[in-house]
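User: I am new to reading protein models, and I would like to learn how to go through one feature by feature. Could you guide me through this one?

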Amino acid sequence: MSIMSNTKRALAIAAASATLFSMAACGSSNAAGSKSDSSSAASSGKIEVVASINQWGSVAKDLGGSNVEVTNIMTKTNVEAHDYEPTSQDVAKFGTAKVAVVNGADYDPWATKAAQSTKATLVTAAETAGIKEGDNPHVWFSAKVRSNTADAITAAYQKADPSHKDDYAKFNKDWHAKEDQLESKIKDTSSKTENLPYAATESVAWYLADDLKMTDATPKGYAQASANESEPTPADIKDFQDTLKVGSIKMLVFNSQEANSTTDQITGAAKDANVPIVELTEQMPKQYTNLLDWMSALVDQFAAAVK
């Protein structure tokens with residue numbers, strides 16, 4: 001399932017810690033390369049920013065404009081942050097940043113660990129809304145978290161570069177205007193989706209569905225297996241398929257980034273029952289360079305899937 005096992009998570013944190021220790025103890029060519037990049041950013045007068053995932057990196061870029069240089073560690077949909085094992089180059093990038101933006105809620109613990117060991121101002125998206133380890137970590141789908149994180153990033157920029165404080169305030173105002181447009185679209189769409197029972201192959205877009213006032217009707221056995229990081233039983237899968245067949249579920253949300261034989265059975269049952277499927281990915285697809293544009297497109301998909 002999408003949430004990384006405790007073993008993989010521990011290995012990723014250990015890898016980041018080991019790399020940081022190695023760099024601190026004796027230095028490395030990777031660290032030197034990052035220092036060169038940092039010197040370039042510094043000579044241009046820009047704030048060096050590192051984001052663990054590209055969706056938060058896009059927000060960081062929008063809020064800083066030409067005053068910032070943003071590096072995203074994860075940029076592809078074929079690897080999840082849960083399963084990502086950082087390289088020494090990745091860790092070195094955090095070491096030279098003035099601002100680090102991570103997701104939190106145990107989604108990217110390797111990035112949090114790397115950032116906490118540096119002098120960078122750390123912005124943790126989940127923490128801006130009180131979302132903690134054990135909660136649903138896919139917080140970029142939440143309007144509240146997006147808004148709070150944007151404000152936290154702006155505050156970090158103003159602290160790092162007070163001479164451009166007014167610039168960052170303007171960038172923040174412009175960003176919020178776009179977020180307000182997105183939230184208006186969500187509100188308008190919720191007039192069609194409110195109380196609509198949906199199910200999901202995993203709870204990636206739960207926050208967006210909640211903002212759309214939809215009702216999560218994923219069968220309990222399957223949902224609990226997913227939440228507990230275990231595989232659903234054959235009985236859980238059959239229950240899901242049967243629930244789709246009887247028509248009580250009006251929409252299926254499918255994370256194609258986590259397609260497997262189990263999800264093939266679920267989506268197959270949805271197609272047989274003519275249940276609309278909203279297909280999405282966990283990471284921001286390459287055709288989008290902006291988190292808000294991606295979210296807006298997803299809202300359109302949800303709206304189009306309502307019968």
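**Reading two sheets and a cavity**

Analyst: Let us begin with a sheet in this predicted model: four strands are arranged in the order 6-5-7-8, and they form an open sheet whose pairing is parallel. At the edges stand strand 6 (215–216) and strand 8 (277–280), and each has a single partner strand, so one side of each is left without a neighbour in the sheet.

User: What joins strand 5 to strand 7, and which residue stands opposite Y198?

Analyst: As a general idea, strands of a sheet pair through backbone hydrogen bonds, either parallel or antiparallel. Here three bridges join strand 5 to strand 7 (residues 251–255), and the two strands run parallel, with Y198 standing opposite M251 in strand 7. Helix 11 (residues 261–272) packs on this sheet, where it touches strand 7 and strand 8, and its direction makes about 150° with that of strand 7. Helix 12 (residues 291–305) also lies across strand 7 and strand 8, running at about 165° to strand 8.

User: In what order do the strands of the sheet that contains strand 1 lie, and which are its edge strands?

Analyst: That open sheet is formed by four strands in the order 2-1-3-4, and the pairing is parallel. Its edge strands are strand 2 (68–74) and strand 4 (121–124), each of which pairs on one side only. On average, neighbouring strands of this sheet are turned by 20° against each other, with direction ignored. Strand 1 (residues 47–53) and strand 3 (residues 99–102) run parallel and are joined by three bridges, and A51 stands opposite V101 in strand 3.

User: Which strands does helix 3 lie across, and which does helix 4 touch?

Analyst: Helix 3 (residues 54–64) lies across strand 1, strand 2 and strand 3, and runs at about 175° to strand 2. Helix 4 (residues 88–96) packs on the sheet and touches strand 1, strand 2 and strand 3, with a direction that makes about 150° with that of strand 2.

User: How many cavities of 30 Å³ or more are found, and which residues line the largest cavity?

Analyst: Rolling a probe the size of a water molecule over the atoms shows where empty space is left. A search of the whole structure finds three cavities of 30 Å³ or more, and the largest cavity has a volume of about 50 Å³. Among the residues that line the largest cavity are Y198, W206, D216 and V253, while strand 5 (197–200) and helix 8 (206–211) each supply at least two residues of this lining. Sorted by class, the lining has seven nonpolar, one polar and two charged residues.

User: Where does pLDDT stay under 50?

Analyst: Where pLDDT is low, the predicted coordinates should not be read in detail. The protein chain averages a pLDDT of 88, and 85% of the residues score at least 70, but pLDDT stays under 50 over residues 1–12 and over residues 19–39. Beyond four places in sequence, the model has 30 contacts for residues 1–12 and 23 contacts for residues 19–39.

Definitions and conventions: Residues numbered from 1 in each chain as written. Predicted model: local features only at pLDDT ≥ 70, side-chain atom pairs only at ≥ 80, totals over all residues. Heavy atoms only, no water. Pairing = 2+ DSSP bridges. Axes fitted to C-alpha atoms, helices over the stretch in contact; angles between N-to-C directions. Contact = heavy atoms within 4.5 Å. 1 Å grid on protein atoms, 1.4 Å probe; cavity = no way out; pocket = protein on both sides within 12 Å on 5 of 7 lines; lining within 4 Å. Points joined across faces, edges and corners; volume = space filled by probe spheres on them. Nonpolar A, V, L, I, M, F, W, Y, C, P; charged D, E, K, R; others polar. pLDDT = per-residue confidence, 0-100.
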